Amino acid sequence: MAAFPAILQSEWTKIRSVRSTVWTLALTFVVTLGLGALLSLLTNKNFAEFTRGETGPFDATRTAFSGIMLGELAIIVFGVLAIGNEYSSGMIRVSLAAVPQRGTLLVGKSVVLGALALAVSLVTAFVTFFVGQSLLGDHSTTIGAQHVLRAVVGAALYLTLLCLFSAGVTAMLHNQTLALGILVPFFFLLSPILSAVPKVKTLAHWFPDYAGSRMLLVYEQNDQPYGPWAGFGICLLWTLAALAGGALVLKKRDA
Amino acid sequence: MIELHQLTKRYGEKLAVQDLTFQVPRGVVTGFLGPNGAGKSTTMRMILDLDRPTSGRVVLDGKRYGQLQEPLKYIGALLEAKAVHPGRTAYDHLLWLAQSNRIPRRRVDEMLELVGLTSVARGRARGFSLGMGQRLGIASALLGDPEILMFDEPVNGLDPEGILWIRNLMKRLAAEGRTVFVSSHLMSEMALTADHLVVIGRGRLLADLPMAEFIRQNSRSAVRIRTPQVEQLLDALRGAGLRPQPGPDGAYEVEDGDLAALGDLAAKHGITLHELSPQQASLEEAFMQMTADSVEYHAGDGPSRASSPTRGEPPTESASAWGEGWQPKRKGN
């Protein structure tokens, strides 16, 4: 069987040699940072107005990460395209002829995809946090404050897991247009709306994005069903399930 | 050596490939012929383990494809042109392929040079013509320096120069001792390249034999005679019990005639000959006859028609779709 390091090297060449990688990852960084910085600035200028009606303590970390909702969309698109472009171009048959061990191929792809997503997410999370805090002035927090480091690393893990989850779903659907058509409305519309509807929201609380985003909170919310690490676990399970499903479909299906 | 054992592929109700058993011999160009939709591409995908057979198996020197160590070093395939990410450069496309099978990077440059894409190697595949895509596909097939090469319709979309290039390339690869398995629906193309033939129709094996043997078995041969003394020639031929048929440009043809005997006959009667030449039917003609027969057979015609050839009857729908060329000639038989 083809050697695993060779597969990793090959997948790295694939991922770095298309422009969509640069665009989607740059967008993840710019959107997360830009929106977070903007909201941090506005919050600092109009603090009383912005925090009116808030019951808990002010979460400066969360304010800095205000842009993550949009940033996650960019990294989801990255995950979808990294897997999906092989299907749209028919290249999947060339890939499988080169590496007929289909499960190993998908693992190699996921490792490269995940490593790159994690690296970009970590940079994004830390830069966003520090820029946000510098703009929050007197209302800022520090990386050393309780749970803050966890929240910043959590933001990076959250983005990485959503990227890999989307990759797994794309491998299951073996069609990038379909995958985008399902994932984007799900994360952008369905999940946020459902988590706001009474009763239904207990279901929405088990969705990967809600679960994963628990890690970003420095102060736990009252109605939160589980803690940040449980949320991470649930999000991780979703991701592993999606990738396992993708591997299963890839193995079973004619290419 | 590629061996297919009772390979069968079913898509829902449709049997794309039925009970296909044949071997691709080493060191020659084997043409894989069949009308469009005969199951050629499906068969090739099953050889590469891309499509899973419903039953039967493919064995490559005793191994299944999935058991091959770094398969690109053993078998290289061109299945479809432009199976390339449109935003990736030709160089990077070959590079990731090379890396996946630990093929040295210099092979990438060598293959680009070989297929004549060096000047556009840094260009994204989006801007490639079909012919350039085809050349890139051939470069990927040759990348691992494999002993077996498989090409699915390689001349599609190529200009005459490109077709000539592929033809020579395949001959050269076979001359180097490699096994070349190439599919086509163009008979004229196969006639120029293939040494061995495998013909399928509707997913079934119709023929598996050397090219010359195929033509000998499936076609008529004739001797063409041209003379200014037409009446004397016809009298002489008829006198010898032969039945000359009018050929092109005032020539006559004698079915299954013997060159030497006809020459002697003309000399005996003092007839001047301007042409005395053997005529072999083209591969195209032979192929048309074969697929036409297979169409009749598979259409489930009654036993009376199946047992006696249907000469002179109107061609079946498929047969007429296949060749306009052969029918008039056969009427003359």
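**Chains A and B: fold, interface, salt bridges**

Colleague: What percentage of the contacts in chain B with a separation of 6 or more comes from residues 24 or more positions apart?
Modeller: The model is predicted, and this value is computed from it. Take the contacts in chain B with a separation of 6 or more. Residues 24 or more positions apart account for a share of 71%.

Colleague: How many helices and strands are there in chain B, and what percentage of its residues count as buried?
Modeller: Chain B holds 13 helices and 13 strands. Buried here is under 20% relative accessible area. Of the 333 residues in chain B, the buried portion is 51%.

Colleague: What share of the area that chain B exposes do carbon and sulfur atoms supply?
Modeller: The exposed area of chain B is about 15,200 Å². Carbon and sulfur atoms supply 49% of it.

Colleague: How much area do chain B and chain A bury between them?
Modeller: The size of an interface is often given as the accessible area lost when the parts come together. Here 33 residues of chain B are in contact with 32 residues of chain A. Carbon and sulfur atoms carry 52% of the buried area. The area buried between the two chains is about 2,600 Å².

Colleague: How many residue pairs are in polar contact across the interface of chain B and chain A, and which helix of chain B gives the most to the side that touches chain A?
Modeller: The rule finds 14 residue pairs in polar contact across this interface, both residues at pLDDT 80 or more. On the chain B side, strand 1 (2-11) and helix 2 (90-100) each supply at least two residues. The element of chain B that gives the most, with seven residues, is helix 2.

Colleague: Which residue of chain A meets Lys9(B) in a salt bridge?
Modeller: Two salt bridges are found across the interface of chain B and chain A. One side chain is that of Lys9(B), and the N to O distance is 2.6 Å. The side chain that Lys9(B) meets belongs to Asp254(A).

Colleague: How many residues apart are Glu11(A) and Lys109(A), and are they buried or exposed?
Modeller: Over all chains the count is 19 salt bridges. In one of them, the closest N and O atoms of Glu11(A) and Lys109(A) are 2.7 Å apart. Glu11(A) sits in helix 1 (residues 4-16) and Lys109(A) in helix 7 (residues 102-136) of chain A, 98 residues apart. Both Glu11(A) and Lys109(A) are buried.

Colleague: Which residues are linked with Glu11(A) and Lys109(A) in a network of salt bridges?
Modeller: The Glu11(A) and Lys109(A) pair belongs to a network. The residues linked with this pair are Lys14(A) and Glu86(A).

Colleague: Why does the salt bridge of Arg26(B) with Asp61(B) tie together separate parts of chain B?
Modeller: The closest N and O atoms of Arg26(B) and Asp61(B) are 3.1 Å apart. Arg26(B) is in the loop between strand 2 (14-24) and strand 3 (29-33), and Asp61(B) is in the loop between strand 4 (55-60) and strand 5 (75-78) of chain B, so the parts tied together are apart in sequence by 35 residues.

Colleague: Arg178(B) and Glu176(B) meet in a salt bridge. Which of the two is buried and which partly exposed?
Modeller: Their N to O distance is 2.8 Å. Buried needs under 20% relative accessible area. Arg178(B) is at 16%, so it counts as buried. At 45%, the partly exposed residue is Glu176(B).

Colleague: Which helix of chain A gives the largest share of the nonpolar patch?
Modeller: The patch covers about 730 Å², with Met69(A), Phe188(A) and Val200(A) among its residues. Helix 5 (68-89), helix 9 (176-194) and helix 10 (200-204) of chain A each supply at least two residues. The largest share, four residues, comes from helix 9.

Colleague: Why does Val200(A) count as partly exposed?
Modeller: Val200(A) lies in helix 10 of chain A. Partly exposed runs between under 20% and over 50%. Val200(A) counts as partly exposed because its relative accessibility is 32%.

Colleague: Where is His174(A) found, and what is its phi?
Modeller: His174(A) is found in the loop between helix 8 (148-173) and helix 9 of chain A. His174(A) is not a glycine, yet its phi is positive, at about 40°.

Colleague: Is Asp249(B) buried or exposed?
Modeller: Asp249(B) is in the loop between strand 11 (245-246) and strand 12 (252-255) of chain B. Its phi is near 55°, a positive value in a residue other than glycine. At 70% relative accessibility, Asp249(B) counts as exposed.

Note on methods: Residues are numbered from 1 along each chain as its sequence is written. Chains are lettered from A and ligands numbered from 1 in the order in which they are written. Side-chain values use heavy atoms; hydrogens and water are left out. Patches are made of residues with over 30% relative accessible area and no salt bridge: like charges are joined within 9 Å, nonpolar side chains (Val, Leu, Ile, Met, Phe, Trp, Tyr) within 5 Å. Accessible areas come from the Shrake-Rupley method with a 1.4 Å probe; for residues, only the protein chains shown count as cover. A salt bridge is a side-chain nitrogen of Lys or Arg within 4 Å of a carboxyl oxygen of Asp or Glu. Buried means under 20% relative accessible area, exposed over 50%, partly exposed in between (1.4 Å probe, protein chains only). Contact means heavy atoms within 4.5 Å. Buried area is the accessible area (1.4 Å probe) that two parts lose on being put together, summed over both. A polar contact is a pair of N or O atoms within 3.5 Å; within protein, one must be able to donate a hydrogen and the other to accept it, and residues adjacent in sequence count only if both atoms are side-chain atoms.
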